[in-house]
Protein chains: 2
Amino acid sequence: MELSERKMKILRAIVRNYLESGEPVGSRTISKYTDLNLSSATIRNEMADLEEMGYIVQPHTSAGRIPTDAGYRVYVDTMMAEKDKEVEELKSNLLEKEERLDQLLKQTAKLLAVNTNYASMVSAPSINRNKLKLIQLSRVNEDQLLAVIVIEGNVIKNTLLDISDEISEETLLKLNILLNTHLTGLSIEDINLGIISSLKKQAGIHSDIVSDVIDAVARAIHDEEDLEIYTSGTNNIFKYPELTGDGVASELIGAFEEKQALNELVVKTLSETENTGIQVYIGNESPVETMKDCSIVTATYDLGEGMKGTIGIIGPKRMDYEKVVDNLKDVMRQLDSIYKK
Amino acid sequence: MELSERKMKILRAIVRNYLESGEPVGSRTISKYTDLNLSSATIRNEMADLEEMGYIVQPHTSAGRIPTDAGYRVYVDTMMAEKDKEVEELKSNLLEKEERLDQLLKQTAKLLAVNTNYASMVSAPSINRNKLKLIQLSRVNEDQLLAVIVIEGNVIKNTLLDISDEISEETLLKLNILLNTHLTGLSIEDINLGIISSLKKQAGIHSDIVSDVIDAVARAIHDEEDLEIYTSGTNNIFKYPELTGDGVASELIGAFEEKQALNELVVKTLSETENTGIQVYIGNESPVETMKDCSIVTATYDLGEGMKGTIGIIGPKRMDYEKVVDNLKDVMRQLDSIYKK
DNA sequence: TGTTAGCACTCGAATATATTGAGTGCTAAC
DNA sequence: GTTAGCACTCAATATATTCGAGTGCTAACA
């Protein structure tokens, strides 16, 4: 059977109505709601077809219809298509300019949550491809060094290094110069064994410190530390009864706290999304098991130089996709413009 | 009316029973539960008295009794008195030794949450009284400096400073030396106007940078940034139906996310608690409005040198006070021993 | 052939009604 | 002072009743 123009219109009307009310929607409602003047009976016939095609279901006999995941899917897809053509003209809710990226992202998460009334998450950009801007060793104690590592985008990482041998102020200075002259401007991938061994050679008796620093750089950048994900508005899920039943809420809250699941989401998104697109996961399409009752809309932001990160909105399946997509696009644009100052 | 020994025993039996079951407890149960052999009828008489005295209530006629806040209070107080005499002998659930305080505290929060099945929070120590260990300025861009500030306990703060004038590698070095020789070892309070103006004088044309740095130090230490509070196990509250009704859960989760309320809790606790005591807030006693349906047990840890922070467990009023107190004491001891390494 | 009015039917939700049982207070007897 | 016994209360549970939104189907109409 084919999805005629009329069926399409009816389907969209059903979805839209359901988004607002959260209640199953019946034929009579649609017969009034749409501009095509049809009686409820005709709508019923069409609805029967749509059900057969798998776009809508009745929660039980003699109830109205609600969209299936597939139903949402076509809704989202057509909507997105229209969105692309549309000229975006949004009230800018200006993110404050922030020196530090982490603060900025935290703010972004909050802004999105407040604006959409859903839960939001923002991942710090993966910095694998990123260039070192500065390495700075300083003495903290007799037996500890502080290594500060600054990466493109002013992401700052601190690590403490234990040292065995006494080390003079002067050699420390030399080490700093050595490290910075050789490593600054390199990306992680650029730091190969050749460079490392050359460095060690030049460091002489302090080659072990060089190893430690390199380790620290690698760790600082790779480790689960870059599981830095900012969340906001998790308690918004309580606004949607369908997410509150049973242990659902608990699981969700847990996922947001642990952040482990969110990280999977980020990884998946980054690998799946071509360029800076917007991705919509509906129900079971979700990469994360715990969120199979939700819809997730993600956007990939790209600050250039490989600094990509993910922004996500998590809400009920009947979320206002339109608003969410608009918001995401807006935020992406703002991030762009801030960075390109 | 007086709270006789027997009444006391009965009250404690009621509380303990209710802690486990969460159900109102009746006279028959108690008549079997206690060692004093009394019939349910006698217990009923005593219970009537206890009710009159305000220690227990019936949620409705013909239901068992549940403890009032006052009831919990005497239970907790007597229990705590016993605890103090008791020799503590707990299986140590070893916190891993961590270089960085923030990691350690994060871990502490998690440990407590897992162990107790309640929500936990750990505040980073207030560092007002604390001594500077290191200040390190480094160039990041042509127009930005990175100021790294390390405080006693290896708490590390980073700030970016905008600079207007070009500044040479050499003067930067001089500034570093100047700042460190004069400021290291001082607590915030020690840095007075005299020192500041003397520093500025010596810095000559770069006195504005000195101001900036001092500002940064003050900000890094004072600001809402030290609203650093680590939470864990927030979803544990779903294990207790009495915290799930209505918007309660939502409010709680929100409070944990915002951390503003938790901060109030910390402030209040620090000011109220004499020394490193354990404080129990039951229901309405809570300093935080949102948690008036909960009980909160807090402990103040003291790492010496004015580094005080608060650890808190938030759960239902019928929480296992005994276990919670034990756990807190245990964790406090472990924190102590780690720091005194 | 597509559209529509009409009607019998379904079934969840809401409401009302009965049943159960844990628990109480009171009284009278030990 | 303690206890057995009994009438009473009331939430919780189960059961029955009603209500109405919504459906599918049929027959008639354009």
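These are my notebook entries on a predicted model with two protein chains, A and B, and two DNA strands, C and D.

**Entry 1: the two copies**

I started by laying chain B on chain A. A turn of 180° with a shift of 0.0 Å along the axis does it, and the RMSD is 0.1 Å. The two copies are thus related as by a two-fold rotation axis.

Next I looked up where they touch. The contact takes 23 residues from chain A and 23 residues from chain B. On the chain B side, strand E4 (132-139), strand E5 (144-151), strand E6 (155-162) and helix H9 (248-258) each supply at least two residues. H9(B) has the largest share there, with 5 residues. I also sorted this side of chain B by class and got 10 nonpolar, 9 polar and 4 charged residues.

Do the copies meet through the same surface or through opposite ones? I checked the overlap: 100% of the interface residues of chain B are also interface residues in chain A, so the copies meet through the same surface.

**Entry 2: the sheet in chain B that supplies part of the contact**

E4, E5 and E6 of chain B turned up in the contact with chain A, so I looked at how they are arranged. They form an open sheet of 3 strands in the order E4-E5-E6, and the pairing is antiparallel. E4 and E6 of chain B stand at the edges, each with a single partner strand, so one side of each has no neighbour in the sheet. Neighbouring strands here are turned by 15° against each other on average, direction ignored.

I then followed one pair along its length. E4(B) and E5(B) run antiparallel to each other over 7 bridges. As a landmark for the viewer, I noted that B:Arg139 has B:Leu145 in E5(B) as its bridge partner.

**Entry 3: DNA strand D**

Which residues are closest to DNA strand D? I found A:Gly26, A:Ser27, B:His60, B:Thr61 and B:Ser62, out of 20 residues that surround this strand. Both chains are represented in that short list.

For the elements, I wrote down helix H2 (27-33) and helix H3 (40-53) of chain A, and helix H3 (40-53) of chain B, each of which supplies at least two residues of the surface near DNA strand D. H3(A) gives the most, with 4 residues. The class count for this surface came to 6 nonpolar, 11 polar and 3 charged residues.

**Entry 4: DNA strand C**

I repeated the lookup for DNA strand C, which is surrounded by 21 residues. The closest are A:Ser39, A:Thr61, A:Ser62, B:Gly26 and B:Ser27. Two or more residues of this surface come from each of H3 of chain A, helix H2 (27-33) of chain B and H3 of chain B.

Which element gives the most to the surface near DNA strand C? That is H3(B), with 4 residues. By class I have 6 nonpolar, 12 polar and 3 charged residues for this surface.

**Entry 5: domains of chain A**

I went back to chain A for its domains. Domain 1 covers 5-84, domain 2 is made of 95-124 and 228-339, and domain 3 covers 132-224.

I took a look at the pair formed by domain 1 and domain 2 of chain A, whose C-alpha centres lie 27 Å apart. Their contact takes 10 residues from domain 1 and 11 residues from domain 2. On the domain 1 side, helix H1 (5-21) and helix H4 (69-85) of chain A each give two or more residues. H4(A) has the largest share, with 7 residues. By class, this side of domain 1 has 6 nonpolar, 1 polar and 3 charged residues.

**Entry 6: the five-stranded sheet of chain A**

My last lookup was an open sheet of 5 strands in chain A, with the order E7-E3-E10-E9-E8 and antiparallel pairing. Which strands stand at its edges? They are strand E7 (229-232) and strand E8 (278-282), each with a single partner strand, so one side of each is left without a neighbour in the sheet. From one strand to the next, the twist averages 15°.

Within this sheet I traced strand E9 (residues 294-302) and strand E10 (residues 308-316) of chain A, which pair in the antiparallel sense over 9 bridges. A:Tyr301 is a handy spot to find the pairing, with A:Gly309 in E10(A) as its bridge partner.

I also checked what packs on the sheet. Helix H5 (residues 101-116) of chain A does, and H5 touches strand E3 (119-123), E7 and E10 of chain A. The direction of H5 makes about 160° with that of E3(A).

Terms used:
Residues numbered from 1 in each chain as written. Chains lettered and ligands numbered in written order. Predicted model: local features only at pLDDT ≥ 70, side-chain atom pairs only at ≥ 80, totals over all residues. Least-squares fit on C-alpha atoms with pLDDT ≥ 70 in both. Contact = placed C-beta atoms within 7 Å. Near = placed C-beta within 6 Å. Nonpolar A, V, L, I, M, F, W, Y, C, P; charged D, E, K, R; others polar. Pairing = 2+ DSSP bridges. Axes fitted to C-alpha atoms, helices over the stretch in contact; angles between N-to-C directions. Domains from an automatic or database assignment.
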